[in-house]
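This report goes through a two-chain model by its core, its interface, selected helices and strands, and some backbone details.

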Amino acid sequence: MNSNNLKTMLISVAATTALAVASFMTTASADSYPSKPVNYIIPFNAGGESDLSARFQQASFEKVAGAPTVIQYMAGAGGASAWSQLNGMPGDGYTIMGINIPHTILQPLQKEVGYQTDDLTPVHYFHYTPDAIFVPTDSPFKTLSDLMDYASKNPAMVTFSGSGSNSSNNIAQVRFDELAGVTTTYIPFSGTGPAVTAVLGSQVMAGFNYATSGSNYGDKLRMLAVAAEERLPAFPDVPTFRELNLDLVGGAYRGVAVPSSTPENVKQKVSDIVSAINADPDFKQKMEDGGFVLTDITYDKMDDFIAAKTKEYTAVAEKLGITAKR
Amino acid sequence: MEMLTYLFEALTPLNLLMALAGVVAGTVIGSMPGLSATMAVAVLVPFTYTMSPASGLIMLGAIYTGAIYGGAFSAILVNTPGTPSAIATTFDGFPMAKRGDGALAITLATIASVVGGLVGGISLLLLAPPLAEVALAFGPAEYFWLAVFGLTLISALSVGNTTKGLIGACIGLLLSVVGVAVVGGDIRYTFNSQALLGGIDITSAIIGLYCIPVLIDLVATRDPHIAPQPVKHRSYLTEAVRIALRGKFNMLRSSVIGTIVGILPGAGGSIAGLVSYTEARRASRHPERFGKGEPDGLIATESANNATVGGGFIPTLVLGIPGTPPDAIILGALLVQGIKIGPTLFTTQGDIVYTFIYGLLIATLLMLPAGLLLGRYAFKSISRTPKTLLVPTIAFLTVIGSFAIHSNSHDTLTMCILGVLAWVLNRYGFAPSPIVLGLVLGQIAEQGFVQTYLIGNAQGAIVEMFFGRPISLAIIICAALTLLYPLIGEHLKRRKDSKAGVERDITAAAAQPLTTCRSSAVIGFAALFIATGVGAYVETQDMSAMGAVFPGTIATLLVVLSAILAVQQLRRPRRQTLIAGTTASEAPGASNIRRLVTVIVLGAWALLLPVLGFFVSSWLAFVALTAATTFEWPDKKEIIVNLISSVAIVGGFYLLMSRVLLIRMPDGLFF
């Protein structure tokens, strides 16, 4: 190779590097963010509520943000393997991750999972799926009080299916027992799908599942009560637990988190994008039809929200006896 | 007729193109261990937002069915199921390939997959609403017994070696409980390691247990991996069609089993394959040929696993309960499109649903030409590729597969460790299949058992819950038959033999003189397993009652079985010759140094993956393995060809994973 060629090559390499660096610099500033596809990591397998709600967001993301989002999966240890790696990922705003409560509060309480609740940086909690009690359509329990009457006369006889042990469903069942003064039996299943199937097939008497199940199984299931603050638009006939004098509001909250090294203005920008998607009528319609309850817990409200939820679930964790033996 | 108009809607050129592209892409992805239908379908979901719902769905369905079929390729050619559905395909597919019938095996697998796919698809088309009720009739007790039924296959797989087979199953079952328990929430056997919280991933374990031993033995000799194609050109298609026609009842029965198992959420293709394999073996007139390259075994598993595709869509579309993970993603895509799932779907949105089902059937038919072409090419290229490239490429695929599932190099390390363990155990008569069966069926068995117990306990009817339900009883009877059939068969045979004379017994005894001698290594393993069982039992003391019952029982079983094995060995006569039992099967000139180098390279690969980055560590390991399999000093041209190939192969897969399948790569020093 003659020296002239070598020089041209060196110059072109240098130019490319400079360009690459320059483009990197510009992408780091918040004004132009996002200027390329945003990686959105779901810490679970595809097909669950976290995936579904992210897919709904994905359909509106480009319209709102100007760049598309790409959904990737990083399942393992109930989300813990992704969350424990989040802060090691590049904090340029092009890596965002789904985040869940009560998972991110209960997991570090229970065991060493490689992260603490406060290590994570959620920037927006955009919805929750309230817990709800379901029975098959042909069940003799027409209302929640039917079920409570039966449960108080027959301790432990009422079986509730739910998704997993020490999960939102399990916590709801424990609190229900406490508030209603009854004893029921909780049967953990390996996810919402199998748990609802058990209700549909009358393998269990009732299910403590998420309200989202109500929209998928239509006339095959009856929702007796929902753990939301007010009735859901998709199910105007289903009373809340509060209406029935049981102070039970809760479910699984889902949000978006970023690596802790992300600049403040980019954190704010991501939060704004998620808010804007929440305001998109298309998105809102699909989510509410699906039984999701939209929330607008933005970045500035995050600290208070996490503090309140941590207090709430720490108390429950102690009751369930799932705090780590230290 | 209304349904016919939907057929024509499915037959538009665009839809046909989607189906063909989907089938080809699915087959290629499915044939690579670890790259799954779930990944391919998940990546393509966003594209369907902009397509018409029917075209998008047809493509997703085609990829799914292609991937389940593609799993057979690597099962047959390299003894590693490309998808867990193809576990049982390795039992007879690989022996067939080894003796030179690889192309025939692939052709047979293609025909069986098409038939199975059609049976599943037609059931979906015509019988979906009534069949969906099957999903609801299966409760925890039925799942428990189904898993037990699957485990009875071990008795058939390890004839004459039952104790070792059962010990293998116990090890697999114990491995399946590692991590956070679904039922009870206990954290079991993680040894305070964060990496084990998620449990042992089934796919990476399967890759390790089946593929690494093949790899280790591959480097030891210069013999070709599989027998090359015979010189005389045979018409595989005619031969395969003839064999398939002979096994048509087997194919139909397996397809029906596959459809029904597919309907059960959470059961899936691996159980369908195992159950139909067991049934095919029981019904066969030559059960002793199974596991040694019997085409009927291959037909059973491949027709069953493709039937689960159509079967799995039945509860997905009718009840909104996804039967398998890809079903779950397709369900999500439907919901994003604004389609309402449920019993009314078939009437109110019939156009989309029926167009989709026809599309799925068309895609299944397209598997025939696509599969025959790809299959012939795959076999030819595998049998012609020189070992210096074949070994590193297979090794690279195992690393990709175990890494890609969770973008996690811990799984790669688990894969390597289990693989080396499987190689050692296999030399002393502990086959990998019982371990895999235990691992795959363990969670279903445990969850079913504990749930049944909890429900029965709440209602004060534990015995009735386990034994009083009609479907459970039917499964128990099938399981008992499978378990006892070999014994009955043996008894009948012995009676026949005693009439024919005793000479046969003598020759039979003379044929296996080595196994009747005592092996101190096996006694050592028995002691090790007893210690493992005791240790595992002691650990259960800290668990909740729900979490302890299953591992406690299995640990006890492991101790008892290992004790039996030790006693069996001690009762045998001491051996006079040296360790003949294991070295007898060894080919001359096998190099243990090359084996050791391979194991070290694999281990270093897994450890350096997160440090150096995926491409750099893989390329280094690739070159190292090429060197390890080089038997003659290569000339310059060969070195250059090998180096270029290594960059091309590693780079190609790197781009496929990071750019096409969007798998997260580790942030290492390099890339």
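The text below begins with conventions and then moves from the core to single residues.

The model is predicted, so to speak of local features requires pLDDT of at least 70, side-chain atom pairs count only at pLDDT 80 or more, and totals for chains, interfaces and linings use all residues. Residues are numbered from 1 along each chain as its sequence is written, while chains are lettered from A and ligands numbered from 1 in the order in which they are written.

## Core and interface

A residue is called buried if 20 or more other C-beta atoms lie within 10 Å of its own, exposed if 12 or fewer do, and partly exposed in between, with C-beta atoms placed from the backbone. A nonpolar core is a set of buried Ala, Val, Leu, Ile, Met, Phe, Trp, Tyr and Cys residues joined through C-beta atoms within 7 Å. The largest such core has 313 residues, and those touching the most other members are Ala206(A), Val41(B), Ile76(B), Leu108(B) and Cys170(B). Helix α5 (residues 89–137) of chain B supplies the largest share of this core, 20 residues. Helices (H or I, at least four residues) and strands (E, at least two) are DSSP runs, numbered from the N terminus.

Contact between two residues is taken as C-beta atoms, placed from the backbone, within 7 Å. With residues up to four places away in sequence left out, Val41(B) touches Leu60(B), Ile63(B), Tyr64(B), Pro326(B), Ile329(B) and Ile330(B).

Across the interface, 47 residues of chain B are in contact with 49 residues of chain A. On the chain B side, the elements giving two or more residues are α3 (37–50), α5, α13 (325–336) and α18 (432–459). The largest share of that side, 7 residues, belongs to α13(B). By type, the chain B side consists of 28 nonpolar, 18 polar and 1 charged residues. Here Ala, Val, Leu, Ile, Met, Phe, Trp, Tyr, Cys and Pro count as nonpolar, Asp, Glu, Lys and Arg as charged, and the others, Gly among them, as polar.

## Chain A

Chain A contains 11 helices and 10 strands. Of its 326 residues, 54% count as buried. Strand β9 (residues 251–258) of chain A has 8 of its 8 residues buried, so it is largely enclosed by the rest of the structure. Strands pair if DSSP finds at least two bridges between them. Strand β3 (residues 95–101) of chain A runs antiparallel to β9(A) and is joined to it by 5 bridges; in this region Ile99(A) stands opposite Gly255(A). Strand β4 (residues 121–136) of chain A is also antiparallel to β9(A), with 8 bridges, and Pro130(A) has Gly251(A) as its bridge partner.

The buried residues of α9(A) include Val266(A), Val270(A), Ile273(A) and Ile277(A), and also Lys267(A) and Lys269(A). Their cover includes α2 (49–65), β3, β4, β9, α10 (281–289) and β10 (293–297) of chain A.

Two cis peptide bonds are described here. One runs from Tyr33(A) to Pro34(A), with omega near -10 degrees, and Pro34(A) sits in the loop between α1 (3–28) and β1 (38–42). Another joins Ile101(A) and Pro102(A), with omega about 15 degrees; Pro102(A) is in the loop between β3 and α4 (103–110).

## Helix spans and bends

The expected span of a helix is 1.5 Å times one less than its number of residues.

| Helix | Residues | End-to-end C-alpha span | Expected span |
|---|---|---|---|
| α5(B) | 49 residues | 29 Å | 72 Å |
| α8(B) (202–220) | 19 residues | 28 Å | 27 Å |
| α9(A) (264–279) | 16 residues | 23 Å | 22 Å |

A bend at a residue is the angle between axes fitted to the seven residues ending there and the seven starting there. In α5(B) the bend at Gly100(B) is about 135 degrees. In α8(B) a kink of about 35 degrees lies at Cys211(B), shortly before the proline Pro213(B). Burial is extensive in α5(B), where 35 of the 49 residues are buried, and in α8(B), where 15 of the 19 residues are buried.

## Single residues of chain B

Asn79(B) is not a glycine but has a positive phi of about 65 degrees. Asn79(B) lies in the loop between α4 (53–78) and α5 and counts as buried because 24 C-beta neighbours are inside 10 Å. Tyr189(B), also not a glycine, has a positive phi of about 50 degrees.
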